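Reader: I'm new to this one, and I'd like to learn how to read it. Can you walk me through it feature by feature?

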Amino acid sequence: MNTRLDFIFTRRSVRKYLDKDIPAAMLHDLLEAGMAAPSARAADPLHFIVITERAGLDAIATVLPYAKMLHSAPAAIVVCGDPERAPGGLEPNLVQDGSAAVENILLAATALGLGSCWLGVYPHQDRIDGLRTQLQLPPRIVPVAGIALGWPAVVPEARTRYRPERVHWERWQ
Ligand SMILES: Cc1cc2nc3c(=O)[nH]c(=O)nc-3n(C[C@H](O)[C@H](O)[C@H](O)COP(=O)(O)O)c2cc1C
């Protein structure tokens, strides 16, 4: 592992958090990192819903099946796409733009000493509908993914998942 890439290898899914809030300035930094992600045709079709109220976090933990860590997380961000702002209005671009933003936020959180975990939403219709209701999203807005955030109570080991057999030079064979 190249130590200059530590911020990539130390990013792990963290699902246990300390009982400590995240300063607003740090949440701003994470949002700025998310908005710096690549965007098809620089359309920037994303919206970011920041949730810090306990009732809201608990509600999302019931809407998403694998998000129980939100019961102890001080914050979450739901990355959403607006098809009216995406080239061709196509959902696939939204999902790719949204995923790039999510990864930027996860890496930024790691660099700031925060723990984070990607919460799967798209394309599961029940999760999309649940978040649309809970977050009062306009019907056209597509929630792409959630991110649980908090100060890590456990710090998983840095690791590489490099697999030489998955690398193909020039062509498949
Ligand atoms: C599309 C996607 C959806 C995911 N959804 C969830 C989820 O709903 N809940 C969760 O706890 N982890 C979720 N994860 C995190 C993965 O479980 C995790 O990244 C994987 O186990 C590798 O571990 P690491 O993140 O520590 O490297 C998701 C990751 C991705 C990329």
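Author: Here is a short tour, one feature at a time. Keep in mind that this is a predicted model: local features need pLDDT of at least 70, side-chain atom pairs count only at pLDDT 80 or more, and totals for chains, interfaces and linings use all residues. Residues are numbered from 1 along each chain as its sequence is written, and side-chain values use heavy atoms, with hydrogens and water left out.

Reader: Okay, helices to begin with. How do I check the length of helix α4 (residues 91-111)?

Author: Helices (H or I, at least four residues) and strands (E, at least two) are DSSP runs, numbered from the N terminus. The expected span of a helix is 1.5 Å times one less than its number of residues. For α4, with 21 residues, that gives 30 Å, and its end C-alpha atoms are 30 Å apart, so the two agree.

Reader: Which residues of α4 are buried?

Author: Buried means under 20% relative accessible area, exposed means over 50%, and partly exposed is in between (1.4 Å probe, protein chains only). In α4 the buried ones are L94, V95, D97, G98, A101, V102, I105, L106, L107, A108, A109 and T110. A general idea helps when reading such a list: an α-helix has 3.6 residues a turn, so residues three or four places apart point the same way.

Reader: And what do the buried residues of α4 pack against?

Author: Contact here means heavy atoms within 4.5 Å. Those buried residues pack against two helices, α1 (6-9) and α2, and against the strands β1, β2, β3 (115-120) and β4 (142-150). Right after α4 comes G113, with a positive phi near 85°.

Reader: Can we zoom in on one residue? What does V102 touch?

Author: V102 sits in helix α4 and counts as buried because its relative accessibility is 0%. Leaving aside neighbours within four places in sequence, V102 is in contact with V79, W118, A145 and I147. V102 and A37 are 65 residues apart in sequence, yet their C-alpha atoms are 8.6 Å apart in space.

Reader: What about other helices? Which residues of α3 are buried, and what covers them?

Author: α3 runs over residues 54-63, and G56, L57, A59, I60 and A61 are buried there. Their cover includes β1, β2 (75-81) and α5 (125-134). Turn to α5 and you find R127, I128, G130, L131 and R132 buried, with α3, β2, β3 and β4 among the elements that cover them. Q136 follows α5 and has a positive phi, near 55°.

Reader: Now a loop. Is S39 buried or exposed?

Author: S39 is in the loop between α2 (24-35) and β1 (46-51). S39 counts as buried because its relative accessible area is 19%. A polar contact is a pair of N or O atoms within 3.5 Å; within protein, one must be able to donate a hydrogen and the other to accept it, and residues adjacent in sequence count only if both atoms are side-chain atoms. Here, the S39 side chain reaches the backbone nitrogen of A43 at 3.3 Å. Not counting residues up to four places away in sequence, S39 touches D44, P45 and D97.

Reader: What is the phi of R41?

Author: Phi of R41 is near 55°, positive although R41 is not a glycine. A42, also no glycine, has a positive phi of about 50°. R41 is in the loop between α2 and β1, and so is A42. R41 is exposed at 74% relative accessibility, and A42 is exposed at 59%.

Reader: Where is the cis peptide bond?

Author: The bond from Y122 to P123 is cis, with omega near 10°. P123 lies in the loop between β3 and α5 and is exposed, with a relative accessible area of 54%.

Reader: Last one: which residues surround the ligand?

Author: A residue is near a molecule if one of its heavy atoms lies within 4 Å of it. The ligand is surrounded by R11, R12, S13, R15, Y66, M69, C117, W118, L119, G120, R159 and R161. Oxygen atoms of the ligand lie 2.8 Å from a polar side-chain atom of R12, 2.6 Å from a side-chain N or O atom of S13, and 2.8 Å from one of R15. The protein covers 63% of the 620 Å² of accessible area that the ligand has on its own (Shrake-Rupley method, 1.4 Å probe).
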